[in-house]
Amino acid sequence: MGVRVKVAIIVDDISRTFQEFLLLPGLTCKEHSPDNVSLEAPLKKYKRGTDPAIHLNIPIVSAAMQAVSSPELAIALARKGGCSFVCCSQPVDMQAGMVKKVKEHKAGFVQSDSNLPPDATLQEALDMRQRTGHSTIAITADGSRHSKLLGILTSKDFWEFKDDLSSAVANHYTPLDKLVYGEDGISLQDATEKLWHNKKECLPIIDKQGNLKALVFRKDYFDHKSNPDELTDDHKRLLVGAALNTFDYLPRARALLDAGVDVLCFDSSDGYSQWQADAVQRLRKEYGREIVIGGGNIVSADAFDYLVQTADVDFVKVGIGGGSICITREQKGIGRGQASAVMEVSAARDRYFEETGIYVPICSDGGLVNDTHVIMALALGADFLMMGRYFAMTAESPTPVVTYRGRLYKEYWGEGSNRARNWQRYKQSEKQRLVFEEGVDAYVPFSGPLADKVDVTIAKVKSTMCNVGALTIKELHSKARVTRISEMTLVEGGTSNVESLDRIRIQS
């Protein structure tokens, strides 16, 4: 007589990726032009008939990773309309300091990092110009950025090959009484007007004691105008997010909120847990529902229901094992194809909205190899996307550029790698260390400035939405029609039966 045993539940579904789908074109009407497309995406849950309290201007956020979300990257991404999440795999004060640096960045008001005392030489000024690339040098009483402003030295004040470079800058700079300047508290608009009216390139901002506070440049006005989607809070400060773990989340959240963080999100390889629900509930009890808290990561409808109903999160991150440097699926056999996960969770979100009138945004995290996958993730139901490798490649990520065989690369490692030392993110044992890795340490090709990369991605998304006949992401969700593709469809979609010019040149 045999023994009856309980076997695993087999889900009647194939775990699918974004690579397996294509969008079908819809009717493109005359109003469907990229200029009319809005890429706003909610970042906090909201009730039917109301607007979300906080939203993104483009549906893109950067991953909470050591090799990705530096303050410089957070500033650059917020200026394009997205939001960065500063990683929690570092001391609390360091993470809060990174958030504070972003919040204190005033678009247009530049903290001077090229300063000299009056007894410095022209050679020192020249060396500083070559080192920083800045032709405007503030001359202050002690050479620091916030001491008494004496004047400004520019490339117009001396000739490198004619003047005596051992001469003191005091003999060359333009003194304060001959400068046009603004007083601390002036608005950026008024500062710009003053620059324009007086036909100046730079406007120093000083306080009542004459100390230098900031510099406003003519070129930054044009730069600001070229970033109309800049994402700011009610005080015109750039938006920034930060990650939490389920260990020291209370003191960490307190420090981050004091630093001005706009959005918090629990960073976990598997967010379907009582640990995360307890942590969110504790934060709600401490700070109420005004603060924005995201949860995840998950891959199923029941996990969505748990985090939304039990934990009371504002948005949910979807994705396990799909990241380019993540090996969770290889190491533990757990996860799901990102397309399947997004489709199931977005269906749960829509069902929850129909039943309760509350819309909870979902973020697709991982599984994005190229811009086509970005588009597909949005079409299949994601409200916005979190990316790591995409941003690790840019100039603003915190890792250095290295050269290998004539090509430029940047270092990139997973939060589950030994290098990250982020054992809190992975419950592998009671030991305070990683027993085995769930991420790798690698390199990615250097892609240049973030702004250029994001501009191309956004242009592709808007163009595709016009092809589908959608002007908003919500419309894209409802109008998108997708078809599964075969292996030969992939071949057919690439170049075929042609020779590239590069290959012809090599052969000849």
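# Briefing: cores, sheets and selected residues

Leaving aside neighbours within four places in sequence, phenylalanine 304 is in contact (heavy atoms within 4.5 Å) with Ile298, Val316, Val345, Ala348, Arg349, Tyr352, Val360 and Ile362. This is a predicted model, in which local features need pLDDT of at least 70 and side-chain atom pairs count only at pLDDT 80 or more, while totals for chains, interfaces and linings use all residues. Residues are numbered from 1 along each chain as its sequence is written, and side-chain values use heavy atoms, with hydrogens and water left out.

**Cores**

- Phe304 appears again here: together with Phe391, Phe304 touches the most other members of the largest nonpolar core, which has 112 residues.
- A nonpolar core is a set of buried Ala, Val, Leu, Ile, Met, Phe, Trp, Tyr and Cys residues joined through side-chain atoms within 4.5 Å.
- Buried stands for under 20% relative accessible area, exposed for over 50%, and partly exposed for what lies in between, with a 1.4 Å probe and protein chains only.
- Apart from the largest core lies another one, of 13 residues, including Ala120, Leu153, Val169 and Tyr173.

**The protein as a whole**

- There are 16 helices and 24 strands in the protein; both are DSSP runs numbered from the N terminus, with helices being H or I over at least four residues and strands E over at least two.
- The protein has 508 residues, and 50% of them count as buried.
- Among contacts with a separation of 6 or more, 63% are between residues 24 or more positions apart.
- The exposed area is about 26100 Å², and carbon and sulfur atoms supply 51% of it; accessible areas come from the Shrake-Rupley method with a 1.4 Å probe, and for residues only the protein chains shown count as cover.

**The sheet β21-β22-β23**

- These 3 strands form an open sheet in the order β21-β22-β23, with antiparallel pairing; two strands pair if DSSP finds at least two bridges between them.
- β21 and β23 are the edge strands, each pairing on one side only.
- On average, neighbouring strands of this sheet are turned by 45° against each other, direction ignored; the axes are lines fitted to C-alpha atoms, for helices over the stretch in contact, and angles run from 0 to 180 degrees between N-to-C directions.
- Strand β22 (residues 407-413) has 5 of its 7 residues buried, so β22 is largely enclosed by the rest of the structure.
- β21 (residues 401-404) pairs with β22 over 4 bridges in the antiparallel sense, with valine 401 opposite lysine 410 and tyrosine 404 partnered by arginine 407.
- The hairpin of β21 and β22 has 2 residues between the strands, and arginine 405 takes a positive phi near 50° there.
- On the way to β23 (residues 441-445), β22 pairs in the antiparallel sense over 5 bridges, and lysine 410 has valine 444 as its bridge partner in β23.

**The sheet β11-β12-β13**

- Another open sheet has 3 strands in the order β11-β12-β13, and its pairing is mixed.
- β11 (182-183) and β13 (212-217) stand at the edges with a single partner strand each, so one side of each is left without a neighbour in the sheet.
- β11 runs parallel to β12 (residues 202-206), joined by 2 bridges, and glycine 182 stands opposite isoleucine 205 in β12.

**Helix α1**

- In helix α1 (residues 71-80), 9 of the 10 residues are buried, so α1 is largely enclosed by the rest of the structure.
- Those buried residues are Pro71, Leu73, Ala74, Ile75, Ala76, Leu77, Ala78, Arg79 and Lys80.
- Glycine 81, just after α1, takes a positive phi of about 110°.

**Two threonines to look at**

- Threonine 140 lies in strand β8 (residues 137-140) and is buried, with a relative accessible area of 0%.
- The side chains of threonine 140 and serine 147 make a polar contact at 3.2 Å; a polar contact is a pair of N or O atoms within 3.5 Å, where within protein one must be able to donate a hydrogen and the other to accept it, and residues adjacent in sequence count only if both atoms are side-chain atoms.
- Beyond four places in sequence, the contacts of threonine 140 include Leu116, Pro117, Pro118, Lys148 and Leu212.
- Threonine 28 sits in the loop between β1 (21-24) and β2 (41-42) and is partly exposed, with a relative accessible area of 40%.
- Threonine 28 and asparagine 467 are 439 residues apart along the chain, yet their C-alpha atoms are separated by 5.7 Å.
- The side chain of threonine 28 reaches the backbone oxygen of asparagine 467 at 3.5 Å.
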